[in-house]
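Work through the exercises below with the sequence and the 3D structure open. Try each task before reading its solution.

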Amino acid sequence: MAAAQTEHEVPKSMLCPKFLHSNSTSHTGPFSAIAELIDNAYDTDVNAKQIWIDKTQIKDIECLTFMDNGNGLNYKSMHRMLSFGYSNKKVVNGKDPIGIYGNGFKSGSMHLGQDVIVLSKSKNDLCVGMLSQTYLERTGAEEINVPIISIKKPEAKHFSVMEEHQASLRDILDHSPFNTEEELLTELRAIESSCSSTGTRIIIWNLRRTSSGKPAIDFITDRYDIRIPCDDLDSSDPDSKYSLRAYCSVLYMKPRMQINIRGQKVKTQLISKSLAHIAKDFYKPSYVKKRIPIIFGYNTKSKEHYGLMMYHKNRLIKAYHRVGCQKDANNNRGIGVIGVIECDFLDPTHNKQDFVYTENFRNTIRNVATKLEEYWRQIRFKRKNSNRSNNVPIEEEEKRPDQNWAQCDKCQQWRRMPDGINNDKLPEEWFCYMNPDPQFRRCETMEEPEDSDSEQPTNKTYKIHEKEEKKKQEDMKEFKKFQEEKRQQELLLKAESRRRNTTSTPNTPRTPGKGASASGVSTRSSQPVITDVISLSKTPSRLKRLQPTTQQNKSKRPKLDGLKRKITDMSLSSSTTPPTPVSYKDLNIDDDLLEGSSTPAPTEPTINPVGVRLESDPMDSAYVAFVDVPTVNYCTQMRDAEEMRDKSIQIWDEDEEEMRDKSIQIWDEDEEDEGEMRDKSTQMQGPRVKDEEEMNSSTAANDGAKVMEEGMISIIQAQEEQDQFMELLQSVSNERDSFKEKVKELQAQLELKKQCADCQTAREKAELHLKVRQLEEEKATTTVEPQDHGRV
């Protein structure tokens with residue numbers, strides 16, 4: 001057959017009959033195909049109030065039937081419905097049409113069966129059309145032919161058609177279950193039984209079978225339902241996956257049409273109103289003018305069925321689509337939570353079972369998943385604060401819908417029921433006059449708004465709580481960090497105190513009567529005696545060795561170049577100015593820092609740094625006391641922590657120059673003249689140094705400069721001898737520390753022996769007491785027996 005030509009002799013595209021089968025494979029299951037036929041009745045151009053879906057037999061042929069009471073079809077609209085790509089549906093009364101591709105009826109009907117006949121009754125016309133793969137195979141058609149007739153003036157058993165429709169009438173009678181005009185009229189009159197003068201009836205036969213030969217649709221398991229055969233049902237699968245009744249109950253976000261399956265009405269529900277703990281959120285894509293509302297709530301029927309219910313123009317596209325935290329099987333986040341969103345800004349696929357995976361779709365899923373987890377966290381936080389004694393997880397407790405709504409069977413409007421009414425106990429047929437609320441007892445009354453105060457966007461108070469908890473944890477970490485720093489500081493101060501004790505020298509030899517150790521160091525006569533030497537603690541690393549300076553009102557003594565560093569390293573003072581009293585609060589130095597009579601002891605109590613270990617006497621036996629410091633909350637204010645740390649080292653925070661001045665004030669002795677200083681150095685050096693000092697003093701009048709130089713050399717020699725003595729003293733101090741450790745061990749052993757002795761004494765006393773009691777009991781028995789024997 002030659003290709004069809006247009007007026008300009010340009011070939012037209014041909015549509016092979018095999019395309020009917022290939023086009024039907026876009027549906028993955030029978031329910032999506034049935035939904036396409038329901039959508040055609042629901043759309044605004046048909047505007048049906050009711051639709052009946054049933055199984056019947058016509059001449060021993062099993063058929064699936066659809067009938068609605070809509071506006072019906074005329075010849076032109078029938079031809080477009082049986083053709084491909086024609087869809088001129090418009091918005092009517094604010095309702096968007098569902099069909100957009102002009103392919104739903106063809107793909108849906110051919111997926112359910114090989115052949116379909118459509119009988120429709122409108123106000124002015126009766127039409128019959130047929131789309132049959134069997135008919136095309138029998139006639140050997142190379143293109144898709146659709147026989148359509150328009151009936152005029154039907155009589156009891158016959159009707160007349162136009163001349164150009166005679167061939168279509170013969171094909172319909174020859175290749176359909178209805179072989180006579182009377183049988184066709186009977187099916188047309190069945191439309192009037194729906195209590196409407198108009199409507200459409202669709203009959204599908206040669207139903208699809210699986211590869212094993214079994215029917216793809218199960219009519220036997222439930223006589224009031226149409227099911228998909230499932231050999232291995234999973235409890236986690238929702239009923240809508242294998243039950244047409246359950247699927248149709250949520251097919252529309254806000255149902256406006258009553259669906260009847262095999263003689264029983266489907267209890268449609270407002271999915272957004274049938275949830276518990278309802279909350280509303282919004283999503284605002286950049287390419288959409290208005291915010292998109294999202295309803296979240298808990299499923300009241302089964303916690304196993306949860307996810308997103310995604311609609312497009314009021315029609316369900318994806319059911320129970322799990323997103324975000326719901327995908328993780330290892331936790332219980334988001335279990336039982338259902339989200340309802342109408343995604344008119346996205347593009348559905350041709351079978352209306354999914355959305356096209358574009359960037360907009362991925363952004364929507366990502367944002368809705370975030371909001372769903374936020375809702376789950378908020379509900380748990382709110383429930384925990386409202387009832388802390390309830391340990392039952394919210395997913396496990398029995399829940400009821402926050403609101404109850406019923407649909408009138410006459411006007412198809414939804415009415416809100418008062419709280420406490422169970423929708424399951426309402427009659428099968430419910431009308432507006434049965435409403436307990438007198439304000440909405442008439443079908444003419446406008447439908448009440450769905451939104452309520454409980455569905456307004458709620459403040460995510462859990463975020464504030466989480467921020468507070470996070471701040472507390474950070475403060476606790478800072479507090480622990482501060483405690484660790486304080487502990488390290490205490491260890492450093494203890495180590496420095498031990499080192500200071502090992503390097504310090506007493507003014508006079510200690511005696512055991514004054515609390516000194518029995519193994520005190522005895523000074524030999526051949527060794528120099530150092531009296532006014534003290535070791536300063538240098539715990540802060542930035543503190544340098546203090547340099548002696550003179551007072552402002554006294555003239556400075558001359559200093560020799562090259563000897564300045566050695567002079568400043570000395571710990572003895574060379575000033576003749578009387579010592580200036582220093583406030584003890586400014587110094588904040590422990591008693592252990594002052595050795596002997598090198599400096600007068602302060603009159604005010606010492607303020608010890610935090611955690612400083614104090615020893616009553618460096619040479620005393622193991623008596624240790626610790627300073628108790630009140631606990632302060634450092635977590636909330638890190639500034640207080642800084643101040644506390646500053647206090648712990650406040651004796652070292654002064655300016656370096658001021659520290660040097662104060663240290664000179666502490667350690668400077670009476671410096672009346674240069675001779676006194678040389679006398680002190682003579683005491684350290686012994687008789688030899690003393691002879692040299694006398695010689696230098698006798699020649700001082702003749703050559704003052706020479707005397708000064710020789711005196712400074714003597715001081716340097718004395719310092720060297722002092723260093724040697726300090727090394728010896730350090731070794732002795734180490735022996736003292738080891739002796740103190742041994743004393744501690746002996747004291748511990750003595751204490752343990754004492755406790756054991758006490759325990760032994762107590763045990764002996766208890767045994768003695770027990771023996772006394774036994775003796776008393778024996779004595780009592782011996783005194784009773786003679787009295788008994790005396791009686792006859």
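Buried means under 20% relative accessible area, exposed means over 50%, and partly exposed lies in between (1.4 Å probe, protein chains only). The model is predicted, and local features need pLDDT of at least 70, side-chain atom pairs count only at pLDDT 80 or more, while totals for chains, interfaces and linings use all residues. Residues are numbered from 1 along each chain as its sequence is written, and side-chain values use heavy atoms, with hydrogens and water left out.

**Exercise 1. A salt bridge between a strand and a helix**

Task: Find the salt bridge of Asp-281 with Lys-371 and state whether Lys-371 is buried or exposed.

Solution.
- Step 1. A salt bridge is a side-chain nitrogen of Lys or Arg within 4 Å of a carboxyl oxygen of Asp or Glu. By this rule the model has 18 salt bridges.
- Step 2. In the pair Asp-281 and Lys-371, the closest N and O atoms are 3.8 Å apart.
- Step 3. Helices (H or I, at least four residues) and strands (E, at least two) are DSSP runs, numbered from the N terminus. Asp-281 lies in strand β10 (residues 275-283) and Lys-371 in helix α9 (residues 359-386), so the pair ties together parts that are 90 residues apart in sequence.
- Step 4. Lys-371 has a relative accessible area of 18% and is buried. Asp-281, at 13%, counts as buried too.

**Exercise 2. Two further pairs**

Task: Describe the salt bridges of Asp-354 with Lys-318 and of Arg-333 with Glu-373.

Solution.
- Step 1. Between Asp-354 and Lys-318, the closest N and O atoms are 3.2 Å apart. Asp-354 is in the loop between β14 (337-342) and α9, and Lys-318 is in strand β13 (residues 315-321), so the pair ties together parts that are 36 residues apart in sequence.
- Step 2. Lys-318 counts as buried at 10% relative accessibility.
- Step 3. For Arg-333 and Glu-373 the N to O distance is 2.6 Å. Arg-333 sits in the loop between β13 and β14 and Glu-373 in helix α9, 40 residues apart.
- Step 4. With a relative accessible area of 26%, Arg-333 is partly exposed.

**Exercise 3. The surroundings of Glu-447**

Task: Which residues are joined with Glu-447 into one network by salt bridges that share partners?

Solution.
- Step 1. The network consists of Lys-254, Arg-256 and Glu-447.
- Step 2. Glu-447 is placed in the loop between β16 (414-417) and α10 (461-503). Its relative accessibility is 18%, so Glu-447 counts as buried.
- Step 3. A polar contact is a pair of N or O atoms within 3.5 Å; within protein, one must be able to donate a hydrogen and the other to accept it, and residues adjacent in sequence count only if both atoms are side-chain atoms. The side chains of Glu-447 and Arg-256 make such a contact at 3.2 Å.
- Step 4. Contact means heavy atoms within 4.5 Å. Apart from neighbours within four places in sequence, Glu-447 is in contact with Lys-254, Arg-256, Gln-413, Trp-414 and Arg-415.

**Exercise 4. The sheet of five strands**

Task: In what order do the 5 strands of the open sheet with β10 lie?

Solution.
- Step 1. Two strands pair if DSSP finds at least two bridges between them.
- Step 2. The order is β10-β11-β14-β12-β13, with mixed pairing. β10 and β13 stand at the edges with a single partner strand each, so one side of each has no neighbour in the sheet.
- Step 3. β10 and strand β11 (residues 292-299) pair in the antiparallel sense over 7 bridges. Tyr-283 stands opposite Ile-292 in β11.
- Step 4. Helix α9 packs on this sheet, touching β10, β11, β12 (307-312), β13 and β14, and its direction makes about 135° with that of β10. Here axes are lines fitted to C-alpha atoms, for helices over the stretch in contact, and angles run from 0 to 180 degrees between N-to-C directions.

**Exercise 5. The sheet of nine strands**

Task: Which strands stand at the edges of the sheet?

Solution.
- Step 1. The 9 strands form an open sheet in the order β6-β5-β4-β3-β7-β2-β1-β8-β9.
- Step 2. β6 (160-161) and β9 (264-265) stand at the edges, each with a single partner strand, so each has one side without a neighbour in the sheet.
- Step 3. β1 and β8 pair in the parallel sense over 4 bridges, whereas β1 and β2 run antiparallel and are joined by 8 bridges.
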